[in-house]
Amino acid sequence: MKRGLFITVEGGEGVGKTTHMETLSKVFGAAGKKVCLTREPGGSPVAESIRKILLSHDNNISCDGMAELLLMFAARADHLESVISPALEVGDWVVCDRFTDATYAYQGGGRGLDPQKILTLEHLVQGELQPDWTLLLDAPVETGLARVNKRGDPDRFELEERAFFERVRKTYLERAKMFPKRIRVVDATGCIEEVSKAVVEFANSLVRTSNGR
Ligand code: Z5A
């Protein structure tokens with residue numbers, strides 16, 4: 001059986017990742033692909049428990065950068081083992097809301113942790129596994145924050161200062177330059193319909209490429 005495709009969706013706060021996971025799923029489903037939609041941190045029972053710790057803004061819980069990094073990879077190890085790898089093995093298309101690029105962007109860029117340490121953990125937890133494709137939705141920080149601020153009840157990351165999110169965005173864009181064959185940047189500044197059009201084009205290009213494999 002042909003291994004499934006591993007697609008990740010990345011970007012800063014409020015760029016529309018959750019919204020466009022659905023767009024991708026519809027296009028892939030219509031093309032006859034069995035789709036596994038998942039997210040990080042989370043996606044498996046153990047990883048969802050870790051997510052609660054990571055996103056909690058309970059004043060009694062504080063988590064330093066290295067502990068946060070290790071928790072991200074602990075969640076990822078379980079998610080890979082119990083959800084992502086089994087789905088890819090049976091040929092499903094896995095669409096994951098954030099993955100290791102987010103670790104480079106948030107723990108590396110945002111928190112300032114050494115990317116070499118992230119690389120070491122990446123090799124340890126993922127081995128050779130990398131996403132086949134990454135959709136990076138990009139918008140100015142203030143655009144994304146304005147969208148999520150309407151929602152209220154911010155999580156621990158959403159309470160960070162603006163400079164943190166600027167570093168996150170910069171790191172994502174640097175990674176897109178480092179991995180131009182894997183990472184497709186889509187401008188997420190426009191209205192949902194405009195962004196959706198670009199996302200559908202991206203999704204159709206993956207379907208066409210995979211039919212030619
Ligand atoms: N994190 C990390 O630090 N390290 C890691 O390795 C990983 C993650 C994997 C997970 O939160 C947090 O974990 C995340 C990084 C960190 N930081 N935070 N916060 P999450 O995944 O639950 O949260 P998020 O990724 O930031 O999701 P979000 O805030 O919900 O944003 P989104 O998914 O990109 O946006 P959305 O939910 O699709 O849209 C937000 C709102 O905007 C919604 O009302 C939409 O209807 C609206 N929207 C979307 N697109 C548009 C357009 N184009 N125009 C107007 N309005 C729009």
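# Close-ups of two pockets and a ligand

**View 1. The largest pocket holds about 750 Å³ of space.** This is a predicted model, so keep that in mind for each view. The lining of this pocket is made up of 33 residues, and Glu13, Lys17, Thr18, Arg98 and Arg151 are the ones closest to the centre. Look for helices H1, H2, H3, H4, H6 and H8 here, since each of these elements gives two or more residues to the lining. Sorted by class, the lining comes out as 13 nonpolar, 12 charged and 8 polar residues.

**View 2. The largest pocket is where the ligand sits.** Around the ligand there are 30 residues, and the ones that come nearest are Glu13, Lys17, Thr18, Thr19 and Arg51. Which classes make up this shell? There are 12 nonpolar, 10 charged and 8 polar residues around the ligand.

**View 3. Here are some polar atoms that meet the ligand, starting with the side chain of Arg51.** An N or O atom in that Arg51 side chain lies 2.5 Å from an oxygen atom of the ligand. Thr18 also joins in through its side chain, with an N or O atom 2.6 Å from a ligand oxygen. At Ile192 the backbone does the job: one of its polar backbone atoms is 3.4 Å from a nitrogen atom of the ligand. How much of the ligand does the protein cover? On its own the ligand has 1,000 Å² of accessible area, and the protein covers 84% of that.

**View 4. Several helices build the shell around the ligand.** Trace H1 (17–30), H2 (45–55), H3 (65–89), H4 (100–110), H6 (141–149) and H8 (192–211), and you'll find that each one supplies at least two residues of the shell. Which helix gives the largest share? That's H4, with 4 residues.

**View 5. The second largest pocket has a volume of about 260 Å³.** Its lining has 14 residues, and closest to the centre are Tyr104, Glu122, Arg175, Met178 and Phe179. H4 turns up here too, supplying at least two lining residues, as do helix H5 (115–126) and helix H7 (162–178). By class, the lining of this second largest pocket splits into 5 nonpolar, 5 polar and 4 charged residues.

Conventions. Residues are numbered from 1 along each chain as its sequence is written. This is a predicted model: local features need pLDDT of at least 70, side-chain atom pairs count only at pLDDT 80 or more; totals for chains, interfaces and linings use all residues. Side-chain values use heavy atoms; hydrogens and water are left out. A residue is near a molecule or strand if one of its heavy atoms lies within 4 Å of it. A polar contact is a pair of N or O atoms within 3.5 Å; within protein, one must be able to donate a hydrogen and the other to accept it, and residues adjacent in sequence count only if both atoms are side-chain atoms. Accessible areas come from the Shrake-Rupley method with a 1.4 Å probe; for residues, only the protein chains shown count as cover. On a 1 Å grid over the protein atoms alone, a cavity is a set of points where a 1.4 Å probe fits but cannot get out, and a pocket is an open set with protein on both sides within 12 Å along at least five of seven lines; lining residues have an atom within 4 Å of a point. A molecule sits in a cavity or pocket if more than half of its atoms lie within 2 Å of its grid points. Ala, Val, Leu, Ile, Met, Phe, Trp, Tyr, Cys and Pro count as nonpolar, Asp, Glu, Lys and Arg as charged, and the others, Gly among them, as polar. Grid points are joined across faces, edges and corners, and a volume is the space filled by probe spheres set on the points.
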